[in-house]
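Student: Please take a close look at one loop of this model. After that, set it beside other parts of the chain and the chain as a whole.

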Amino acid sequence: MHYDGLNTVADIGQRKNDHLALCAEGDVGFRRTSTLLECVRLVHDALPDMKLSDVDTSVTLFGKTLRAPIVIASMTGGTEEAGRINRELASIAEERGYGFGLGSQRAMHLRPSSSATYRVRDLAPSTLVLGNVGVIQARSMTTSEVRVLVDEVGADALCIHLNPAMELVQPGGDRDFAHGLDTIGRLVRDLGVPVLVKETGCGIAPSVGRRLRDVGVKHVDVSGAGGTSWVGVETQRAAAAGDEAARALGESFWDWGVPTGASVALLAPMGFETIVATGGIATGLDVARAIALGATAAGIARPVLRALAGNAGSGGGRGAALAALERIEAELRAAMLLTGSRDLGSLRRAPRVVIGELASWVEGLRTSK
């Protein structure tokens, strides 16, 4: 693994390759923190009074109808291998009727020749495609420059990602996070396409949700704690480079963040049009629990990448990724039948019990200022 700690064009490409390798093969999950979705107990309906085929999992996001509330979430871009993965996953999203998120388009902005690694529309003409840029990068770009990133890939909406914890552990990463909210407000007002504000594995607390809502944000992706620790990813990169200070900082903050379940539950009452639950979603039951807490859809990233790469107990490749997604969708349908939920709206209203640490998060932060 190569690491030089500089935010040069060459380093960004190498960093993307490192990220892919670590997410596909490395031990970069949260160590102690879970999504807390296991604390959501859906109540069994012994008399659902319908056929499994009556279950309707469809949802409309950003004007596109998805067969199921699943987005293959933002992962990569900017390198040849990243381009191959993007095109494979986008074509799977097209086949399955899911949404698809591109990784950060920072490399594309700095090196326009890498644009092809983000282009998937020829393989996914009807798919919901989400563009992606970091709030810190967007801060120094004009609105027109950001819109070019959207138009170049034919995105239906743009993710503005937030990643301060990850950047702090990455030597050479960003250290100035000022004017992020102003940047988001400008893009919500002037970009001309929907803006989805997303974290990158540390979740969105209700205080942040209120600030986002106040500048006009209608769509959020919580990307909470409990799945891939991007602090952990950068910690392993720092360790490989022999950067002891960065490694030690990363070890301290490996499990930092608001768990996915807590973030969804706390943002749900705030009136956002869209809440995507990303971060540790690995099963259809995870999706069902997130929807029951108030999510609109769920984002799935690392489990699909690992299946594609053959690191999820399968031989890998497109067939393995499709099989993993088919399993998740089948589990969601089963959970809906077993709660008597004919559609996702019914699932959100279905009886549930919230226990343990998730109940403590919800009670503690709902009553705090």
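Tutor: Helices and strands here are DSSP runs, numbered from the N terminus: a helix has at least four residues in state H or I, and a strand at least two in state E. With those names, the loop to look at is the one between strand β9 (219-221) and helix α9 (230-241), where S223 is found. Bear in mind that the model is predicted.

Start with the backbone. Most residues other than glycine have a negative phi. S223 is not a glycine, yet its phi is positive, about 35 degrees. As for its surroundings, S223 counts as buried because its relative accessibility is 6%, and buried means under 20%.

Another loop gives a useful comparison. H179 sits between α6 (164-169) and α7 (180-190). H179 also is not a glycine and has a positive phi, here about 65 degrees. Its relative accessibility is 54%, so H179 counts as exposed; the cut-off for that word is over 50%. A positive phi also turns up just after helix α13, at G310, with a value of about 85 degrees.

Helix α13 itself covers residues 302-309, and its buried residues are R302, V304, L305, A307 and L308. Shortly before it in the numbering is strand β11, residues 297-300. A297 and G299 point one way from this strand, A298 and I300 point the other way, and all four are buried. Strand β11 has partners too. Strand β4 (residues 70-72) runs parallel to β11 and is joined to it by 3 bridges, with I70 opposite A298. Strand β10 (residues 274-278) likewise pairs with β11 in the parallel sense, over 3 bridges; here A297 is the bridge partner of V276.

Going back from β10 towards α11 (260-267), the loop between them holds M270. M270 is buried, at 12% relative accessible area. Apart from neighbours within four places in sequence, its contacts are P206, G209, R210 and R213. The C-alpha atoms of M270 and D156 are 24 Å apart, and their places lie 114 residues apart along the chain.

For a residue in a helix, take V146 in α5 (residues 143-153). Its relative accessible area is 0%, so V146 is buried. Leaving out neighbours within four places, V146 touches A138, M141, L158, L187 and L191. From V146 to L325 the C-alpha distance is 32 Å, with a sequence separation of 179 residues.

Now the whole chain. Its secondary structure comes to 16 helices and 12 strands. The radius of gyration is 19 Å, close to the 21 Å that the globule rule gives for 369 residues, so the chain is as compact as a globular protein of that length. Along the principal axes, the C-alpha atoms fill a box of roughly 60 × 45 × 45 Å. Buried residues make up 56% of the 369, and S223 is one of the residues that count as buried. Of the contacts between residues at least 6 apart in sequence, 78% join residues at least 24 apart. The exposed area is about 14,400 Å², of which carbon and sulfur atoms supply 52%. Finally, the chain has 39 positive and 41 negative charges, and their mean positions are 3 Å apart.

Technical notes:
Residues numbered from 1 in each chain as written. Predicted model: local features only at pLDDT ≥ 70, side-chain atom pairs only at ≥ 80, totals over all residues. Heavy atoms only, no water. Rg over C-alpha atoms; globule rule 2.2 N^0.38 Å. Buried < 20%, exposed > 50% of the residue type's maximum accessible area, 1.4 Å probe, protein only. Contact = heavy atoms within 4.5 Å. Areas by Shrake-Rupley, 256 points an atom, 1.4 Å probe, with all protein chains shown as cover. Lys, Arg positive; Asp, Glu negative; His and termini not counted. Charge placed at Lys NZ, Arg CZ, Asp CG, Glu CD. Pairing = 2+ DSSP bridges.
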